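User: Hi! I am new to reading protein structures, and I would like to learn where the labels come from. Could you go through this one with me?

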Amino acid sequence: MEALKEHTIPFTGLKDGQHQFQFELGQAFFDATGEEDFNGGDMHVDVTLDKTPTMLVTHIQVDGTVTTTCDHCNAALDLRVKGEQRQIFQLHGEDQFDDDELVALDAKAHSINLSHYIYECLRLALPARRVHDPGECDPEVDAVLGKLSVEHEPVPDPRWDALKQLKTKGAKP
Ligand SMILES: [Zn+2]
């Protein structure tokens, strides 16, 4: 994910305590993700940033729609997505370790960019299987797919039956 400059938060000037930020994600954001499945969308992002002398605790919330393609009929699909994620940035972190939730910032850093974390939050909130609600798939594609699955109905292999019988026999004393 490409970093977008509107998601940069300069933190050196911020007082300790809670701060709120809002972002609207549109076409530019979805293009910048480099994700072929993301054709667009309209997403609202709320970020709460808690600043302490040693760390920045961000709480990212996304809510909106992502336009992707349906796994079943391949037509455009608007998915409602709602998710949240916490990300902690350690200031002047002496321990140079990163894990999923904790990122150590360079001592010279004066801003953080949230594009990547917003994207991650969005990705995690997306369902693994993306399909239209029943009856809302492209009817033409649906008809063709329905026909195909009937034609390819698996015919039970008689050898399995024979094997099953053998096993049942073997199990009996
Ligand atoms: Zn569909």
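Analyst: Gladly! Keep in mind that this is a predicted model. A good start is helix 2, which spans residues 115-125 and has S115, Y117, I118, Y119, C121 and L122 as its buried residues.

User: What covers the buried residues of helix 2?

Analyst: The cover includes strand 3 (40-51), strand 4, strand 5 (76-90) and strand 7 (111-113).

User: Let me pick a residue in one of those strands. Where is V62, and why is it called buried?

Analyst: V62 sits in strand 4, residues 55-69. The label needs 20 or more other C-beta atoms within 10 Å. V62 has 23 C-beta neighbours inside 10 Å, so V62 counts as buried.

User: Which residues does V62 touch, leaving aside those up to four places away in sequence?

Analyst: They are M43, V45, V81, K82, G83, I118, C121, L122 and A125. Take V45 as an example: V45 and V62 are 17 residues apart along the chain, yet their C-alpha atoms are separated by 4.6 Å. Seen from its own side, V45 touches Q22, F23, L25, I60, Q61, V62 and I118, with the same sequence neighbours left out.

User: What makes V62 and V45 part of a core?

Analyst: A nonpolar core joins buried residues of types such as Val, Leu, Ile and Cys through C-beta atoms within 7 Å. The largest one here has 19 residues, and V45, I60, V62, I118, C121 and L122 have the most contacts inside it. Two or more residues each come from helix 1 (27-32), strand 3, strand 4, strand 5 and helix 2. Helix 2 gives the most, with 5 residues.

User: How do you know that strand 4 and strand 5 pair?

Analyst: Pairing asks for at least two bridges between two strands. Strand 4 and strand 5 have 15 bridges and run antiparallel, so by the cut-off of two they pair. One of these links is I60 with its bridge partner Q85 in strand 5. The two strands form a hairpin with 6 residues between them.

User: What is special about the phi of N74, and is N74 buried or exposed?

Analyst: N74 lies in the loop between strand 4 and strand 5. Its phi is positive, about 70 degrees, although N74 is not a glycine. As background, most residues other than glycine have a negative phi. For the second part, exposed means 12 or fewer C-beta neighbours within 10 Å. N74 has 12 of them, so N74 counts as exposed.

User: What is the order of the strands in the sheet, and why do strand 2 and strand 6 stand at the edges?

Analyst: 5 strands form an open sheet in the order 2-3-4-5-6, with mixed pairing. Strand 2 (17-25) and strand 6 each have a single partner strand, so one side of each is left without a neighbour in the sheet. Neighbouring strands are turned by 20 degrees against each other on average, direction ignored.

User: What makes the pairing mixed?

Analyst: Look at the two ends. Strand 2 and strand 3 run antiparallel and are joined by 9 bridges, with V45 in strand 3 as the bridge partner of F23. Strand 5 and strand 6 (residues 102-104) run parallel and are joined by 3 bridges, and here I88 has L102 in strand 6 as its bridge partner. The sheet holds antiparallel and parallel pairs, and its pairing is called mixed.

How values were computed: Residues numbered from 1 in each chain as written. Predicted model: local features only at pLDDT ≥ 70, side-chain atom pairs only at ≥ 80, totals over all residues. Helix = DSSP H or I, 4+ residues; strand = E, 2+ residues; numbered from the N terminus. Contact = placed C-beta atoms within 7 Å. Axes fitted to C-alpha atoms, helices over the stretch in contact; angles between N-to-C directions.
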